[in-house]
Amino acid sequence: MPRSLRVDPQYREDVKMSLIRSGYTTQRQLAEDIELALSTVNKFFNCKPIYNLNFIEICNRLDLNWDEIIDAQSQNLSVDNMEISSKLKPIAKDKARIRFTIEATIEDLDKPLLDELIKLIQERSLDASFTLKRIEEGSLMFTFEGSQEGSKRLQELFQNDQLKELLGLEISTVDSYLR
């Protein structure tokens with residue numbers, strides 16, 4: 001999976017208009033809302049490459065179809081590798097986020113494993129709306145978003161060591177918080 005995508009310059013104006021249509025008055029407001037650095041959001045609007053999941057998250061928030069606005073070079077690299085985007089949905093105000101810290105490296109992560117992880121989180125939380133919002137490198141922190149009830153179920157599974165067994169991954173911490 002390519003690590004970065006960028007907006008095709010021919011869609012620059014459409015992307016800028018989507019900011020206003022989505023109810024944001026500034027790029028800073030969007031960055032704060034989706035918890036990304038302003039520099040990342042600014043790169044998106046200036047057709048510079050950003051991490052693929054951040055690209056998809058911004059497109060999702062702005063109601064843009066990411067595979068229509070990526071530049072041709074990015075599109076050639078990503079056509080079959082980005083099905084995760086279809087699972088990303090807009091954030092509702094009554095959502096909760098849960099973060100898993102997994103003892104693995106980014107090289108250990110492949111698309112089938114990521115898809116299986118998302119599917120298991122949705123099944124075990126009893127919440128099909130749970131979505132992957134962010135992957136942070138280092139000790140790999142995965143941030144998922146879904147219902148408060150689903151978040152509580154996942155927290156309980158972690159505390160009972162059942163989540164580790166289900167996922168087949170070493171999970172060092174789980175933090176949940178309201179959105």
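How much of the protein is made up of buried residues? Buried residues account for 46% of the 179 residues. Keep in mind while reading that this is a predicted model.

**The overall picture**

On the secondary-structure side, you get nine helices and six strands. If you take the contacts between residues at least 6 apart in sequence, 70% of them join residues at least 24 apart. The accessible surface comes to about 9,300 Å², and carbon and sulfur atoms own 46% of that.

**Two helices that cross**

Let's start with H3 (residues 38-45) and H4 (residues 52-61), whose axes come within 11 Å and cross at roughly 75 degrees. Angles of 65 to 115 degrees count as roughly perpendicular, and H3 and H4 are therefore roughly perpendicular to each other. On the H3 side the contact uses Thr40, Val41 and Phe44, while H4 brings Asn54, Phe55, Ile58 and Cys59. Sort those contact residues by type and you find five nonpolar, two polar and no charged.

**A strand pair under cover**

Next up are strands E4 (residues 131-136) and E5 (residues 141-147), which pair in the antiparallel sense over five bridges. Two of the pairings can be named here. Threonine 131 stands opposite glutamate 145 in E5, and arginine 134 has threonine 143 of E5 as its bridge partner.

How much of this pair is tucked away? E4 is mostly covered, with five of its six residues buried. As for E5, six of its seven residues are buried, so the strand is largely enclosed by the rest of the structure.

**Around helix H7**

Aspartate 127 sits in the loop between helix H7 (111-125) and E4. Is aspartate 127 buried or exposed? Its relative accessible area is 8%, and the cut-off for buried is under 20%, so aspartate 127 counts as buried. Setting aside neighbours within four places in sequence, aspartate 127 is in contact with Gln122, Gly146 and Ser147. Gly146 and Ser147 fall within the residue range of E5, so this loop residue touches that strand as defined by its DSSP run. There is also a pairing across the chain to look at: the C-alpha atoms of aspartate 127 and serine 151 are separated by 8.9 Å, with their positions 24 residues apart along the chain.

Arginine 124 is in helix H7 itself. This residue has 38% relative accessibility, which makes it partly exposed. Arginine 124 has a partner from further along the chain too: its C-alpha atom and that of leucine 154 are 6.9 Å apart, although the two residues are 30 apart in sequence.

**Two loop residues with positive phi**

Finally, a couple of backbone oddities to check in your viewer. Cysteine 47 has a phi near 60 degrees, a positive value in a residue other than glycine. Aspartate 63 likewise has a positive phi, about 55 degrees, and is not a glycine. Where do they sit, and how much solvent can reach them? Cysteine 47 is in the loop between H3 and strand E2 (50-51), whereas aspartate 63 is in the loop between H4 and helix H5 (66-69). Cysteine 47 counts as buried, but aspartate 63 is exposed.

Here are the accessibilities of the single residues discussed above.

| Residue | Relative accessible area | Class |
|---|---|---|
| Cysteine 47 | 6% | buried |
| Aspartate 63 | 69% | exposed |
| Arginine 124 | 38% | partly exposed |
| Aspartate 127 | 8% | buried |

Methods:
Residues are numbered from 1 along each chain as its sequence is written. This is a predicted model: local features need pLDDT of at least 70, side-chain atom pairs count only at pLDDT 80 or more; totals for chains, interfaces and linings use all residues. Side-chain values use heavy atoms; hydrogens and water are left out. Helices (H or I, at least four residues) and strands (E, at least two) are DSSP runs, numbered from the N terminus. Buried means under 20% relative accessible area, exposed over 50%, partly exposed in between (1.4 Å probe, protein chains only). Contact means heavy atoms within 4.5 Å. Accessible areas come from the Shrake-Rupley method with a 1.4 Å probe; for residues, only the protein chains shown count as cover. Axes are lines fitted to C-alpha atoms, for helices over the stretch in contact, and angles run from 0 to 180 degrees between N-to-C directions. Angles under 35 degrees count as roughly parallel, over 145 as roughly antiparallel, 65 to 115 as roughly perpendicular and the rest as oblique. Ala, Val, Leu, Ile, Met, Phe, Trp, Tyr, Cys and Pro count as nonpolar, Asp, Glu, Lys and Arg as charged, and the others, Gly among them, as polar. Two strands pair if DSSP finds at least two bridges between them.
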